[in-house]
Amino acid sequence: MSSSSPALSARGSRLALLVVGLCWLAVLFDGLDMFIYGSVLPHMLQEKALGITSGQAGDLGSYATFGMLVGALAAGTVADRIGRKKLMVSCVTLFSLASGICAVSGSVAVFGLGRTLAGVGLGGLLPTAISMVSDYAPRARAALTIGLLMTAHHAGGILSAYVALWIVEPFGWRAAFWVCVVPLLFVPVLAAFLPESLSFLVAKGRTEEARTLAARYDAELPAATGKTSGAAWANLAHLFRGGEWIQTLLYWLASFGGLLLVYGVATWLPTLMRGEGYELGSALTFVVLFNLGGIVGMLVAGRASDRFGAPRISAIWFALTAGGVFLLSVHMPLALTFAVVFLTGVFLNSAQTMIYATVSLGSAPANRATAVGWTSGMGRFGAVFGPWLGGQLLAADRGDWGFTAFALAGVSSMVFIGIAALRTRPAGDGAGQQLATAH
């Protein structure tokens, strides 16, 4: 990740570079652990590893996303109380150790336990990292900075495909999960060098600590809002005050469809494409192209969102995603299929991220992790349903319907975030808390 990125150079702060860099690496490992199951799944099914069937494979994918649901819901409120840094360190430790459980598992039950625990860590890390980066992002480039952070998730997805290609064939599927234990070596680095959120410190009344940190890195100290992080349920209740409940529910529903699509495709893309007649190597190439598209899409969507508004861009991106996913169910020449997979990755991954950007940048610092965590957590119900749905369709020999079902999920998210975009108050409305085109 280059320090010359416009999102970071505009900040002109060593602290911003440090925070974004460390969070980027943490999210890279998050992406590796998240995508590794889908990348090794065709091999596990072919070898009948642990005796799993297609239906059980879908269930196992849902175990991880159920864990992510729990992690996301808990992490938002916990981070607003104990701090972003402690939670990020805990999450990386948890999903790394859980991958070790998967590597040594001798049954589907133990493997499922490992994936569930990994999911708790994965689900907690992402909204926490987004909240942390949002604290230091320049306001004019905030969505772009979040998009830059999320390129790490897809870099991890690309890494997972190469781990499957280079390690699984010679050493077996367990070796891939041992690779996912390696991020434990990053935990001491994160604990030693990642600073706590300045906004969190100010919100908790730890002003002297915040002032010392800001002075050390020549950073601007956030203004005190007069509010501190309250009880977990008070932070959650804040999302439903006045007319905010409508917007909150729209974000949750959009996130449900978006994560159903993201994790359904992430889990089953190699297997579904192999079912269309492609070899394992080609199926993993689709994973690489899909995630390369995600990296490009994050940067394009982030810049466009800073100019036109994140909810508007998210709605357009979901519409384009639905079209791309549906096209994957149509038999096309290989080169054209590669292009469609890449473009689908461009729009799909960044569409969901711009929902997070909308919520994060429209929330008060003291309540930001709760808002992002619960939006992510509610979406995780879709993330649980997506892999399960793909497994059931495949078990019923209706795998060709998988892409159509995922495309419909994209349409639903387009509708909900589109309504949210229409309700977003214009920039310049001083009373507004919603993300507007100024972001």
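The protein exposes about 15,800 Å² of surface, and carbon and sulfur atoms supply 67% of that area. The model described here is a predicted one. Of the 439 residues in the protein, 61% count as buried. The secondary structure is simple to summarise: there are 17 helices and zero strands. The contacts show how the chain folds back on itself. Among those between residues at least 6 apart in sequence, 82% join residues at least 24 apart.

A good place to start is the inside of the protein. The largest nonpolar core has 95 residues, and those with the most contacts inside it are Cys-23, Met-88, Tyr-136, Leu-190 and Ile-417. Helix H2 (residues 14–47) gives this core its largest share, 13 residues. Apart from the largest core lies another one, of 22 residues, which includes Val-40, Val-163, Ala-176 and Phe-177. In soluble globular proteins, nonpolar side chains tend to be buried together.

Ile-417 offers a closer view of the packing. Leaving aside residues up to four places away in sequence, Ile-417 touches Tyr-251, Ala-254, Pro-311, Ser-314, Ala-315, Phe-318 and Ile-355. Pro-311, Ser-314, Ala-315 and Phe-318 also appear among the buried residues of helix H14. The others buried in H14 are Ala-310, Ile-313, Trp-317, Thr-321, Ala-322, Gly-324 and Val-325. The length of H14 (residues 310–327) can be checked with simple arithmetic: at 1.5 Å a residue, its 18 residues should span 26 Å, and the end C-alpha atoms are indeed 26 Å apart, so the two values agree.

Charged side chains come next. A search of the whole structure finds two salt bridges. One of them joins Asp-33 and Arg-115, whose closest N and O atoms are 3.0 Å apart. This pair links distant parts of the chain, with Asp-33 in helix H2 and Arg-115 in helix H5 (residues 108–136), 82 residues apart. Both Asp-33 and Arg-115 are buried.

The other salt bridge is formed by the side chains of Glu-208 and Arg-211, with an N to O distance of 2.5 Å. Here both partners lie in helix H10 (residues 207–216), three residues apart, about one turn of the helix. An α-helix has 3.6 residues a turn, so residues three or four places apart point the same way. Glu-208 has a relative accessibility of 54% and therefore counts as exposed, the cut-off being over 50%. Arg-211, at 40%, counts as partly exposed.

The surface also has a nonpolar feature. Phe-240, Trp-245, Ile-246 and Leu-249 make a nonpolar surface patch of about 320 Å². Ile-246 belongs to helix H12 (residues 244–275). With a relative accessible area of 31%, Ile-246 is partly exposed, because that value falls between the cut-offs of 20% for buried and 50% for exposed.

Glu-169 completes the tour. This residue is placed in helix H6 (residues 142–171), and it is partly exposed, with a relative accessible area of 48%. Which distance separates the C-alpha atoms of Glu-169 and Val-40? Although the two residues are 129 residues apart along the chain, their C-alpha atoms are separated by 9.7 Å. Val-40 is also among the members of the core of 22 residues.

Terms used
Residues are numbered from 1 along each chain as its sequence is written. This is a predicted model: local features need pLDDT of at least 70, side-chain atom pairs count only at pLDDT 80 or more; totals for chains, interfaces and linings use all residues. Side-chain values use heavy atoms; hydrogens and water are left out. Patches are made of residues with over 30% relative accessible area and no salt bridge: like charges are joined within 9 Å, nonpolar side chains (Val, Leu, Ile, Met, Phe, Trp, Tyr) within 5 Å. Accessible areas come from the Shrake-Rupley method with a 1.4 Å probe; for residues, only the protein chains shown count as cover. A salt bridge is a side-chain nitrogen of Lys or Arg within 4 Å of a carboxyl oxygen of Asp or Glu. Helices (H or I, at least four residues) and strands (E, at least two) are DSSP runs, numbered from the N terminus. Buried means under 20% relative accessible area, exposed over 50%, partly exposed in between (1.4 Å probe, protein chains only). A nonpolar core is a set of buried Ala, Val, Leu, Ile, Met, Phe, Trp, Tyr and Cys residues joined through side-chain atoms within 4.5 Å. Contact means heavy atoms within 4.5 Å. The expected span of a helix is 1.5 Å times one less than its number of residues.
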